[in-house]
Amino acid sequence: MLDRFRRWACPDLAIDLGTVNTLVAVPGEGIVVNEPSVVALQKGTRRVLGQGTAVGKLARQMLGRTPDSIVAARPLQDGVITDFELCEAMMRYFMRKASRQRRGLRPRVVIAVPAGITPVERRAVFNSAERAGAGRVYVIPEPTAACIGAGLPIAEPMASMICDIGGGTTEVAVMSLSDIVAGTSLKVAGDEMDAAIVDYMKRHFSLKIGMQTAEKLKIGLGNAYPLEQELTHDVRGLDTISGVPRKAMVTSEEIRQALLDPLEKIIAGVKNVIEQCDPELVSDLVDNGLVLTGGGALLRGIDSLMNEQLGIPVRVIDDPLTTVARGTAICVEHLAKWRESLDAGDE
Ligand SMILES: Nc1ncnc2c1ncn2[C@@H]1O[C@H](COP(=O)(O)OP(=O)(O)OP(=O)(O)O)[C@@H](O)[C@H]1O
């Protein structure tokens, strides 16, 4: 009864703290916050603009376009907190936005983090969340949350395989009997794909473009496998020879070429995880295949490329950008059942 009242007064929160996007879900309400992991600051200070509200969508609009007095920064890189203070400010803003927090009541929070996180990086997550206003904090490995969100039968004595391609990290894991039996965290994901496009445009078009333009090209034209109808797109940037702004036309074949290197690294990581598995589990994978999730799973043809290279069925989950948040929310909803297996930060 008391627990029900506490949950009503101050709902528990599920947080997918991502390099590019942060999502917060509330049991019974679904995803209530889905915003970029960006904070805008007054240059030379640690003050978040707008009295702590220049966070997320508003701050993202400022990225790369800010006047000299304003800096837009990301508190996470490669899936881990690199700016503790900013992460705390960002979490405080998102948690306030998500909960009907009453004075003095602190929500219980479950946060999804990369499986390969170090003890220091993990401690930073607990500290940031607590200082941002959380009560009891638990962390769950992202691949576990992704498998739960994807509805994979992870409690069964058979292999379920997930590859979560985010912005900063790609998490690959094979789960059986509710445990990760083999896995890896690669620091190759959406950001590295954007950087590969920036590099390609410089080398092949003598055109300097920003990371946001590269991301737009990746989303608009990006692909991993030949398309039935190839696409083209105009791109604007700075001519690196003449030093003046210029337009160029890019094709989907060229973007596919640009993305070759990061995609090869991700596929090599998946192969490496399969090699770590017992032959019995490998034989399960032949039937059950690989499930792709995270924003990178939206890259056109990535399932076909992986299927061709790995020889197992590969499918992209519906709504891959929210899988981890949805899986974390299921844990929050059944916290009494999951509590024992979650990391509560007690040394
Ligand atoms: N249609 C698309 N095609 C290719 N990539 C996409 C598409 N839509 C989004 N992305 C990419 O997905 C990435 C963000 O995915 P996601 O929100 O899953 O990452 P994250 O959780 O913030 O990162 P991480 O898990 O590494 O901390 C970005 O790099 C974005 O450019």
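## Two serines with positive phi

In this predicted model, S178 counts as partly exposed, because 13 C-beta neighbours lie inside 10 Å and a residue is called exposed at 12 or fewer and buried at 20 or more. S178 is placed in the loop between β11 (170–176) and β12 (179–186), and its phi is near 65°, a positive value in a residue other than glycine. Most residues other than glycine have a negative phi.

S206 can be read alongside it, since S206 also has a positive phi, of about 50°, although it is not a glycine. The place of S206 is in the loop between α7 and β13 (207–208), and with 15 C-beta neighbours inside 10 Å this serine counts as partly exposed.

## Division into domains

The chain is divided into domain 1 (1–36 + 77–150 + 322–347), domain 2 (38–73), domain 3 (159–188 + 263–321) and domain 4 (190–258). The centres of domain 3 and domain 4, taken over C-alpha atoms, are separated by 27 Å.

Where these two domains meet, 14 residues of domain 3 are in contact with eight residues of domain 4. On the side of domain 3 that touches domain 4, helix α12 (residues 302–310) gives the most, with three residues, and the residues of that side divide into six nonpolar, seven polar and one charged.

## The nonpolar core

In soluble globular proteins, nonpolar side chains tend to be buried together. Here the largest nonpolar core has 104 residues, and those with the most contacts inside it are A14, V39, I111 and I197. Helix α4 (residues 84–98) gives the most to this core, with nine residues.

A14 offers a way to look at this core from a single position: leaving aside residues up to four places away in sequence, A14 touches V24, A25, V110, A325, T328, A329, C331 and V332. Several of these partners can be followed into the helix described next, where A325, T328, A329, C331 and V332 are among the buried residues of α13.

## Two covered helices

Helix α13 (residues 323–333) is mostly covered, with nine of its eleven residues buried. The buried residues are T323, V324, A325, R326, G327, T328, A329, C331 and V332.

Helix α6 (residues 142–149) is mostly covered as well, and eight of its eight residues are buried, namely E142, P143, T144, A145, A146, C147, I148 and G149. Just after α6, G151 takes a positive phi of about 70°.

## A hairpin of β2 and β3

Strand β2 (residues 21–26) and strand β3 (residues 30–36) pair in the antiparallel sense over six bridges, and N21 stands opposite P36 in β3. The two strands form a hairpin with three residues between them, and G28 in the turn has a positive phi of about 85°.

## Surroundings of the ligand

The ligand is surrounded by 22 residues, of which the closest are G18, G166, G190, G295 and L298. The elements that give two or more residues to this shell are α7 (190–205) and α8 (211–221), and the largest share, three residues, comes from α8.

Sorted by class, the shell around the ligand has six nonpolar, 13 polar and three charged residues.

## An exposed proline and a partly exposed valine

P67 lies in the loop between α3 (57–62) and β5 (70–73). This proline is exposed, because 8 other C-beta atoms lie within 10 Å and the cut-off for an exposed residue is 12 or fewer. From C-alpha to C-alpha, P67 and P226 are 41 Å apart in space, while in sequence they are 159 residues apart.

V282 is found in helix α11 (residues 279–288), and with 15 C-beta neighbours inside 10 Å this valine counts as partly exposed. If residues up to four places away in sequence are not counted, V282 touches I274 and C277. Between V282 and A54 there are 48 Å in space, C-alpha to C-alpha, and the two are 228 residues apart in sequence.

Methods:
Residues numbered from 1 in each chain as written. Predicted model: local features only at pLDDT ≥ 70, side-chain atom pairs only at ≥ 80, totals over all residues. Domains from an automatic or database assignment. Contact = placed C-beta atoms within 7 Å. Helix = DSSP H or I, 4+ residues; strand = E, 2+ residues; numbered from the N terminus. Nonpolar A, V, L, I, M, F, W, Y, C, P; charged D, E, K, R; others polar. Core = buried A, V, L, I, M, F, W, Y, C linked by C-beta atoms within 7 Å. Near = placed C-beta within 6 Å. Pairing = 2+ DSSP bridges.
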